[in-house]
Amino acid sequence: MAVVHKALADPTRLRILQRLAEGDGTVSDLMRHVDLSQPLVSWHVRRLRAAGLVDTRRSGRETICSLGREALARFHEQERALLDPGR
């Protein structure tokens, strides 16, 4: 859970997740959304992927990112259990 919290603590990563909540996007799309360079966006995407919050796949030269909805649901349940142990 600490890895997910750390990933969510960064405003840029939150903006990337907000964009991906609207639908899949390429790293180029995310670059335009957060107004950062490709290396920085890729770095943030790697952190989100390590936390299980983002899935990626290759399509030719592009990396397509999508929201890891299953991981978000698991995280939500773990948070709920942590904050409400009598549940």
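Two strands pair if DSSP finds at least two bridges between them. Keep that in mind for the first view of this predicted model.

**View 1. Strands β1 and β3 meet side by side.** Two bridges join β1 to β3, and the two strands run antiparallel. You can pick out the residues involved: G25 sits across from C65 in β3, and T26 has I64 as its bridge partner in β3. Strand β1 covers residues 25-26, while β3 covers 62-67.

**View 2. Three strands make an open sheet.** Step back a little and you'll see the order β1-β3-β2, with antiparallel pairing. The edges belong to β1 and β2 (54-59), each of which pairs on one side only. Between β2 and β3 there are six bridges, again in the antiparallel sense. One spot to look for is R58, which stands opposite T63 in β3. How much of β3 is covered? Most of the strand is, with five of its six residues buried. As a general point about strands like these, side chains in a regular strand alternate between the two faces of the sheet.

**View 3. A hairpin links β2 and β3.** Two residues lie between the strands of this hairpin, and G60 takes a positive phi near 65° there.

**View 4. D35 has an unusual backbone angle.** Look just after α3 and you'll find D35, with a positive phi near 55°. Why point this out? Most residues other than glycine have a negative phi. D35 is not a glycine, yet its phi is positive, about 55°. This residue belongs to the loop between α3 and α4. Is D35 buried or exposed? Its relative accessibility is 68%, so D35 counts as exposed.

**View 5. Helix α3 turns one side inward.** Three residues of α3 are buried here: V27, L30 and V34. They span an arc of only 55° around the axis, so they end up on the same side of α3. What covers these buried residues? The cover includes α2, β1, α4 and β3.

**View 6. A closer look at V27.** This residue is part of helix α3, which runs over residues 27-34. With a relative accessibility of 10%, V27 falls under the 20% cut-off, so V27 counts as buried. Which residues does V27 touch, if you skip its neighbours within four places in sequence? They are Q38, V41, S42, E62, T63 and C65. You can also check the spacing to I16: 11 residues along the sequence, and 9.9 Å from C-alpha to C-alpha.

**View 7. H44 reaches R13 from inside helix α4.** You'll find H44 in helix α4. Its relative accessible area is 7%, so H44 is buried. The side chain of H44 makes a polar contact with the side chain of R13, at 3.1 Å. Leaving out neighbours within four places in sequence, H44 is in contact with D10, T12, R13, I16 and L36.

**View 8. The largest nonpolar core brings several elements together.** This core has 17 residues, and the ones that touch the most other members are L20, L30, L48, L53, V54 and C65. Two or more residues each come from α1, α2 (11-21), α3, α4 (38-50) and β3. Some names here may look familiar: L30 is one of the buried residues of α3, and C65 is the residue across from G25. To see one core member up close, try L53. Setting aside neighbours within four places in sequence, L53 is in contact with V4, A7, L8, L17, L48, S66, L67, G68 and L72.

**View 9. Helix α5 has a buried face and an exposed side.** Helix α5 takes up residues 69-83, so to speak 15 residues in all, and reaches 21 Å from its first C-alpha to its last. That is close to the 21 Å expected at 1.5 Å a residue. Buried in α5 are A71, F75 and E79. Seen down the axis, the buried residues of α5 fall within an arc of 75°, so they line one face of the helix. On the other side, R69, E70 and R74 are exposed. What do the buried residues of α5 pack against? Their partner is α1, residues 2-8.

Key:
Residues numbered from 1 in each chain as written. Predicted model: local features only at pLDDT ≥ 70, side-chain atom pairs only at ≥ 80, totals over all residues. Heavy atoms only, no water. Helix = DSSP H or I, 4+ residues; strand = E, 2+ residues; numbered from the N terminus. Expected span 1.5 Å × (residues − 1). Buried < 20%, exposed > 50% of the residue type's maximum accessible area, 1.4 Å probe, protein only. Arc of directions from axis to C-beta. Contact = heavy atoms within 4.5 Å. Core = buried A, V, L, I, M, F, W, Y, C linked by side-chain atoms within 4.5 Å. Polar contact = N/O pair within 3.5 Å; in protein donor to acceptor, adjacent residues only side chain to side chain.
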